[in-house]
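Biologist: Got the model open. Can you walk me through it, piece by piece?

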Amino acid sequence: MAAISSSRPYHVIIFGATGFTGKFVVEEVARYAAESPGGVTWKWAVAGRSRKRLEEVLEEAAGRLSMPELRTDVEVIVADVSIEDSLATMCQQGLVILNCVGPYRFYGEPVVKACVENGAHYIDICGEPQFLEHIQLEYHKKALDKGVYVIGSCGFDSIPADLGIIYTQRQFKGTLTAVESFLSISAGPEGMCGHHATWQSAVHGFADAGSLFKLRKKFGHKPLPVVGAKVTKRGSVFFSKEMEQYAIPFMGSDPSVVKRTQRFLHEEEHLSPVQYTAYVGIGGLVSVVKFFCGGLLFWFLVKFRLGRKVLTQFPWFFSFGLFSKSGPTMKQIEDTCFSLTFFGEGYKEGSDPSQGRPDARICTQVIGAEPGYVATPSAMVQAAVTLVQEVHSLPKRGGVYTPGAAFCNTSLIERLQNHGIKFSVRRQ
């Protein structure tokens, strides 16, 4: 465990602890702190705009976890994204800030800026490619100069995908050149549901998609080399034999995050980059019809300010019940789980990738409980623990990184295995 100086009384501070996801992160940190690994006390605090609401969150967590000490032993810090001094004060007290305040495109950058300027490492659970890549462009050198790590998308978007590819590369006997992933989410009789904050991020992200292309041009990156046979992308809707249901391209941040990681591994670790495409199962023909109808309406409304207002005002209606302002019930959370299956291909040891088709294949899988409010807090907390305990194994002593780039030489996968996110080889 890293030593804490007198000026840094806390290992982690959960910023946005009163939010829907933040409350689950509070409980996950509390469970980890209670384990007291190695006999070392894990110090932590909660932060947000309202002291009263933060105290209520701790009260709720104390009751749910049967940990009455949370009411008195956990510090409350008042901080607001619109008040720079409050963010600075917060960041000066923690080694790592867990930022749960979204949508990140609106509220994330002031927190990153405060962390970099005040020497606190930063972790978030963002699934917004534009924010993640903007932060890399604007803050990588500043963070590097300060010795601060800024690591985004440390939740369901995108640790299972990003570290799943790294796991697959490690297990493959030869040169892995391409991977397709298929996400399947299983729910109980009440179905599944997400909180409207995620829906809101998606609405604004798709509305501003053009800005992402302009942003990427500023990096000046050369295309990654294609090793071996080039993968043909599938259609916008297709029947997946792998999943035995219809599937569509996954429209989250996973492809963006994985590509950034593969660029880092190619340029810094001199590994062959992996081509990656991601898909998600949507079910049978009825679901396909819903997808087309809902998709057309979404794409029309998202182009206009009034349309975006309507979409965010009525998430349950426009998402066919997949998102709501109240979020999922505890029963829905308990009955939901995910599996992310990777189908990889490449070349056996001794084979020449420039000659012929791939001659080796592998199938791996990452599985876990409900992705948004069980797997995400677990992944976020274990990323923070890894950052604190294995900081010397991270790259370059600072900078802005994806989870795969930051943690490729750490034990994060093993830590996740012990906290409900399982990695395995299905076929080789």
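Biologist: Start with α6. What does that helix lie across?

Modeller: First, a caution: this is a predicted model. Helix α6, residues 109–118, lies across β1 (10–15), β4, β5 and β6 (149–151). Its direction runs at about 155° to β5.

Biologist: Which sheet holds β4 and β5, and in what order do its strands come?

Modeller: An open sheet of seven strands. The order is β3-β2-β1-β4-β5-β6-β15, and the pairing is parallel. Its edge strands are β3 (75–78) and β15, each pairing on one side only. The twist averages 20° from one strand to the next.

Biologist: How many bridges between β4 and β5?

Modeller: Four, in the parallel sense. β4 covers residues 94–99 and β5 covers 121–124. For a register check, I97 has Y122 in β5 as its bridge partner.

Biologist: Now the other sheet, the one with β13. What's its strand order?

Modeller: β9-β10-β11-β7-β13-β14-β16. That one is an open sheet of seven strands with mixed pairing. At the edges sit β9 (238–240) and β16 (422–427), and each pairs on one side only. Here the twist averages 35° from strand to strand.

Biologist: Mixed how? Which pairs are parallel or antiparallel?

Modeller: β7 (174–186) and β11 (275–283) run parallel, joined by six bridges. E180 stands opposite T277 in β11. β7 and β13 are antiparallel, over 12 bridges. In that pair, S184 faces S339 in β13. β13 and β14 are also antiparallel, with 10 bridges. There F338 stands opposite G368 in β14.

Biologist: Is β13 mostly covered or mostly open?

Modeller: Mostly covered. Nine of its 12 residues are buried.

Biologist: What about side-chain direction in a strand, as a rule?

Modeller: In a regular strand, side chains alternate between the two faces of the sheet.

Biologist: Which helix lies across β13?

Modeller: Helix α16, residues 371–389. It lies across β7, β13 and β14, at about 105° to β14. Another helix, α12 (285–301), packs on this sheet too, touching β10 (245–249) and β11. The direction of α12 makes about 110° with that of β11.

Biologist: Switching to P358. Where is it?

Modeller: In the loop between β13 (337–348) and β14 (360–369).

Biologist: Buried or exposed?

Modeller: Buried. Its relative accessibility is 10%, and the cut-off for buried is under 20%, so P358 qualifies.

Biologist: What does P358 touch?

Modeller: A229, E345, G346 and Y347, leaving out residues up to four places away in sequence.

Biologist: And how far is P358 from F156?

Modeller: 30 Å in space, C-alpha to C-alpha. In sequence they are 202 residues apart.

Biologist: OK, α11. How long is it, and what span is expected?

Modeller: α11 has 15 residues, 254–268. From first C-alpha to last it reaches 21 Å, close to the 21 Å expected at 1.5 Å a residue.

Biologist: Which of the α11 residues are buried?

Modeller: D254, S256, V257, V258, R260, T261, Q262, R263, F264 and L265.

Biologist: What covers them?

Modeller: The cover includes helices α7 (129–146), α8 (159–171), α10 (209–219) and α17 (403–407). Strands β11 and β15 (399–401) are also among the cover.

Biologist: What comes after α11?

Modeller: H270 follows the helix, and its phi is positive, near 60°.

Biologist: Zoom out. How many helices and strands overall?

Modeller: 18 helices and 16 strands.

Biologist: Why call the protein compact?

Modeller: Its radius of gyration is 21 Å, and the globule rule gives 22 Å for 428 residues. Those values are close, so the protein is as compact as a globular protein of that length. The C-alpha box is roughly 65 × 50 × 40 Å along the principal axes.

Biologist: What share of residues is buried?

Modeller: 52% of the 428.

Biologist: And how do the contacts split by sequence separation?

Modeller: Take the contacts with a separation of 6 or more. Residues 24 or more positions apart account for 79% of them.

Biologist: Last one. How much surface does the protein expose?

Modeller: About 19500 Å². Carbon and sulfur atoms supply 54% of that area.

Terms used. Residues are numbered from 1 along each chain as its sequence is written. This is a predicted model: local features need pLDDT of at least 70, side-chain atom pairs count only at pLDDT 80 or more; totals for chains, interfaces and linings use all residues. Side-chain values use heavy atoms; hydrogens and water are left out. Helices (H or I, at least four residues) and strands (E, at least two) are DSSP runs, numbered from the N terminus. Buried means under 20% relative accessible area, exposed over 50%, partly exposed in between (1.4 Å probe, protein chains only). Contact means heavy atoms within 4.5 Å. Two strands pair if DSSP finds at least two bridges between them. Axes are lines fitted to C-alpha atoms, for helices over the stretch in contact, and angles run from 0 to 180 degrees between N-to-C directions. The radius of gyration is taken over C-alpha atoms; the globule rule is 2.2 Å times the number of residues to the power 0.38. Accessible areas come from the Shrake-Rupley method with a 1.4 Å probe; for residues, only the protein chains shown count as cover. The expected span of a helix is 1.5 Å times one less than its number of residues.
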